[in-house]
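Me: I would like a close look at a single part of this structure, with its surroundings brought in where they help. Please take one helix, work through which of its residues are covered and which are open, and then set it against the rest of the chain.

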Amino acid sequence: MTKTTKITKRDNYNTLRECVLDHMDWFEEGEADQLVAFIDKELENLDKRAANAKKYAAKNKASADALTEAALDVLTETDAYMTIPQIVAAINANGENADATPQKLTYRLSKLVEAGSIEKETKSIKEEGKTARKVNVYRIKAEEETAE
């Protein structure tokens, strides 16, 4: 299987720019300069977009860290397993992070499980009149477990 490299917009614009500069005789007077100016403007826009994306990611990472810390605080307070809705309710009740949602928390809990900070199990819950369903539950790892 051959490995292919992804060609980005920046790569395409740089190739077009080189082509225009190498073959100025293909264009009428002024067209080549206009094309180079256009390509330079597009490259500048790509740089601006990348800078804005980095700012946005940094801003959201800080709020994500706050939600992760809030989840860890809630799990540290109890030794029992908790479901995601229980953790969200506890975070919102504490007022630590009012915008905690199950979707936001699921991602953070998965990352904490991967890091080994918390443990995850699947429990079967049976409600009266309904079929049993499997639910993920989380708890903080015990000290002797994390030391191994």
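Reply: What follows is a close reading of one helix, and then of the charged pairs and contacts elsewhere in the chain.

The model is a predicted one, and its chain has five helices and three strands, which follow one another in the pattern α-α-β-α-α-β-β-α. Of the 148 residues in the chain, 24% are buried.

The helix chosen here is α3, which covers residues 84–94 and has I84, I87, V88, A90 and I91 as its buried residues. Viewed down the axis of α3, these buried residues stay within an arc of 165 degrees, and they therefore line one face of the helix. An α-helix makes a turn every 3.6 residues, so residues that are three or four places apart point the same way. The other side of α3 carries P85 and A93, both of which are exposed. After α3 comes G95, which has a positive phi, near 75 degrees.

From there the account can move to helix α4 (residues 102–115), where L105 is placed. L105 has a relative accessibility of 0%, and because buried means under 20%, this residue counts as buried. L105 also has a partner that is distant in sequence, since L67 is 38 residues away along the chain, while the C-alpha atoms of the two residues are 7.5 Å apart in space.

The charged side chains make a second theme, and the whole structure holds nine salt bridges. In one of them E119 is paired with R139, with 2.4 Å between the closest N and O atoms. E119 belongs to strand β2 (residues 118–125) and R139 to strand β3 (residues 133–140), so this pair ties together parts that are 20 residues apart in sequence. Both of these residues, E119 and R139, are buried.

A further salt bridge joins the side chains of R133 and E127, at 3.4 Å from N to O. Here R133 is partly exposed, its relative accessible area being 45%, and E127 is likewise partly exposed, with a relative accessibility of 32%. Salt bridges with shared partners also link K41, E44 and K48 into one network.

Within that network, the side chains of E44 and K48 meet in a salt bridge of 3.7 Å, N to O. Both residues lie in helix α2, where E44 and K48 are four residues apart, about one turn of the helix. E44 is partly exposed, with 39% relative accessible area, and K48, at 44% relative accessibility, is also classed as partly exposed.

Helix α2 spans residues 31–77 and includes E77, one of the residues that, together with D65, E69 and D73, form a negative surface patch. E77 has a relative accessibility of 60%, and because exposed means over 50%, E77 counts as exposed.

To return to the part that was asked about, α3 has buried residues that line one face, with exposed P85 and A93 on the other side.

Key. Residues are numbered from 1 along each chain as its sequence is written. This is a predicted model: local features need pLDDT of at least 70, side-chain atom pairs count only at pLDDT 80 or more; totals for chains, interfaces and linings use all residues. Side-chain values use heavy atoms; hydrogens and water are left out. Patches are made of residues with over 30% relative accessible area and no salt bridge: like charges are joined within 9 Å, nonpolar side chains (Val, Leu, Ile, Met, Phe, Trp, Tyr) within 5 Å. Accessible areas come from the Shrake-Rupley method with a 1.4 Å probe; for residues, only the protein chains shown count as cover. A salt bridge is a side-chain nitrogen of Lys or Arg within 4 Å of a carboxyl oxygen of Asp or Glu. Lys and Arg count as positive and Asp and Glu as negative; His and the chain ends are not counted. The place of a charge is taken as NZ of Lys, CZ of Arg, CG of Asp or CD of Glu. Helices (H or I, at least four residues) and strands (E, at least two) are DSSP runs, numbered from the N terminus. Buried means under 20% relative accessible area, exposed over 50%, partly exposed in between (1.4 Å probe, protein chains only). The arc is that of the directions from the helix axis to the C-beta atoms.
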